[in-house]
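Here are some notes for a colleague who is opening this structure for the first time. They are arranged as numbered points, and each can be checked against the display.

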Amino acid sequence: MVHGTSAHTGWWHGTVPALAGRHDVVALDLSGHGDSGRRARYSMAGWSAEVLAVVAALGLDRPVLVGHSVGGLVAAGAAARAPEAVSGLVLLDSIPEEPARPPEPPPAPSRPRGTRVFPDVAAAVAAYRLAPPQDVGDLAALAYVAGRSVRPVPGGVGWKVDGAIFDVVLRPGLTDSLDGVTCPVSVVRGEHSALVGPDAAAALARRWGRPVPQHTVAGAAHHLVLDDVAGTQRALLAALDDVLASSDGSAHR
């Protein structure tokens, strides 16, 4: 399970209990996020390589990769990079397609960004904001992920996320390298998502030339795991059933 921009494994904690009875579940913090280390430079390809490194290190048998938002693109990049290592892909409110763009030279090294310091966790939670902004259906879930988004710093606490990641995720053309995805794919989207439209799966089906099922979490927006945990659980289980039924049967449940 691969989180989105600025997030961490805690975003999945409300969803995992519904999966654990049927699936072995592994989640990771990408570099620059959560409790993982930081790098001098980040890239989508580098994050996809990290996902594959976890698959290899744990000896996972062709797992299904689940990714939310930019984490879906990271997971899809891993599936494209090593199709033999992945049996399926579930995209949770992940942008399916962007216009192609000419290749660009590698970005210059990021300049260090300042870290906002809060006196305590409560102050940081009060300042926590989602991007894109939205009303949240489960305020307790929001407080949970916000409280796990900070780390001790001199003078108080600061965000765990490395601000340099935004040099990657705010650039256009993030999906340019995903045409090599050959495994079964299923889409879960929030009904009121500001980023992923109702034709998301159809766009992917056109891109990849095969059917892509889609499940919608009613009433949810982009951050669907914070809007309707039970609805997201149901949709995710259905999407996992989609890809496992379409795989060659060797996926590890």
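Which residues in α2 meet which residues in α3?

1. On the helix contact. The model is a predicted one, and in it M44, A45, W47, S48, A49, V51 and L52 of α2 meet V70, L73, V74, G77, A78 and R81 of α3. The residues of this contact divide into 10 nonpolar, 2 polar and 1 charged. The two axes come within 8 Å and cross at roughly 70°, and α2 and α3 are therefore roughly perpendicular to each other, as angles of 65 to 115 degrees are counted.

2. On the chain as a whole. The chain contains 9 helices and 6 strands, and of its 253 residues 49% count as buried. Among contacts with a separation of 6 or more, 75% are accounted for by residues that stand 24 or more positions apart in the chain.

3. On the largest nonpolar core. This core has 39 residues, and those with the most contacts inside it are W47, V51, L65, V74, L89 and V181. Two or more residues each come from α2 (44–57), α3 (70–81), β2 (88–92), α6 (166–169), β5 (185–190) and α7 (200–208), and α3 gives the most, with 8 residues. As background, nonpolar side chains tend to be buried together in soluble globular proteins.

4. On V51 and the second core. Once its neighbours within four places in sequence are left aside, V51 is in contact with V2, L28, L30, L65, V74 and A78. A second core, separate from the largest one, has 27 residues and includes L92, V136, V217 and A239.

5. On the sheet. An open sheet is formed by 4 strands in the order β1-β2-β5-β6, with parallel pairing. The edges are taken by β1 (64–68) and β6, each of which has a single partner strand, so one side of each is left without a neighbour in the sheet. On average, and with direction ignored, neighbouring strands of this sheet are turned by 15° against each other.

6. On β5 and its partners. β5 pairs with β2 in the parallel sense over 4 bridges, and in this pairing L89 stands opposite V185 of β5. β5 also pairs in the parallel sense with β6 (residues 214–217), again over 4 bridges, and there T216 of β6 is the bridge partner of R189.

7. On the covering of β5. How many of the residues of β5 are buried? The strand is mostly covered, with 6 of its 6 residues buried. In a regular strand the side chains alternate between the two faces of the sheet. For β5 both faces are covered, since V185, V187 and R189 on one side and S186, V188 and G190 on the other are all buried.

8. On the helices that lie across the sheet. α3, which was described above as giving the most residues to the largest core, lies across β1 and β2 and runs at about 150° to β1. Helix α9 (residues 229–246) lies across β1, β2, β5 and β6, and runs at about 155° to β2.

9. On the loop between α4 and α5. R129 has its place in the loop between α4 (121–127) and α5 (139–147), and with a relative accessible area of 63% R129 is exposed, because the cut-off for that class is over 50%. R129 and A146 are 17 residues apart in sequence, while their C-alpha atoms are 8.6 Å apart in space. P132 is found in this loop too, and the peptide bond from A131 to P132 is cis, with omega near -5°.

10. On two backbone angles to look at. Which value does phi of S6 take? Phi of S6 is near 70°, a positive value in a residue other than glycine; S6 sits in the segment before α1 (16–20) and, at 25% relative accessibility, counts as partly exposed. R62, in the loop between α2 and β1, has phi near 45°, which is likewise a positive value in a residue other than glycine, and at 22% relative accessibility R62 counts as partly exposed.

Note on methods. Residues are numbered from 1 along each chain as its sequence is written. This is a predicted model: local features need pLDDT of at least 70, side-chain atom pairs count only at pLDDT 80 or more; totals for chains, interfaces and linings use all residues. Side-chain values use heavy atoms; hydrogens and water are left out. A nonpolar core is a set of buried Ala, Val, Leu, Ile, Met, Phe, Trp, Tyr and Cys residues joined through side-chain atoms within 4.5 Å. Buried means under 20% relative accessible area, exposed over 50%, partly exposed in between (1.4 Å probe, protein chains only). Contact means heavy atoms within 4.5 Å. Axes are lines fitted to C-alpha atoms, for helices over the stretch in contact, and angles run from 0 to 180 degrees between N-to-C directions. Angles under 35 degrees count as roughly parallel, over 145 as roughly antiparallel, 65 to 115 as roughly perpendicular and the rest as oblique. Ala, Val, Leu, Ile, Met, Phe, Trp, Tyr, Cys and Pro count as nonpolar, Asp, Glu, Lys and Arg as charged, and the others, Gly among them, as polar. Two strands pair if DSSP finds at least two bridges between them.
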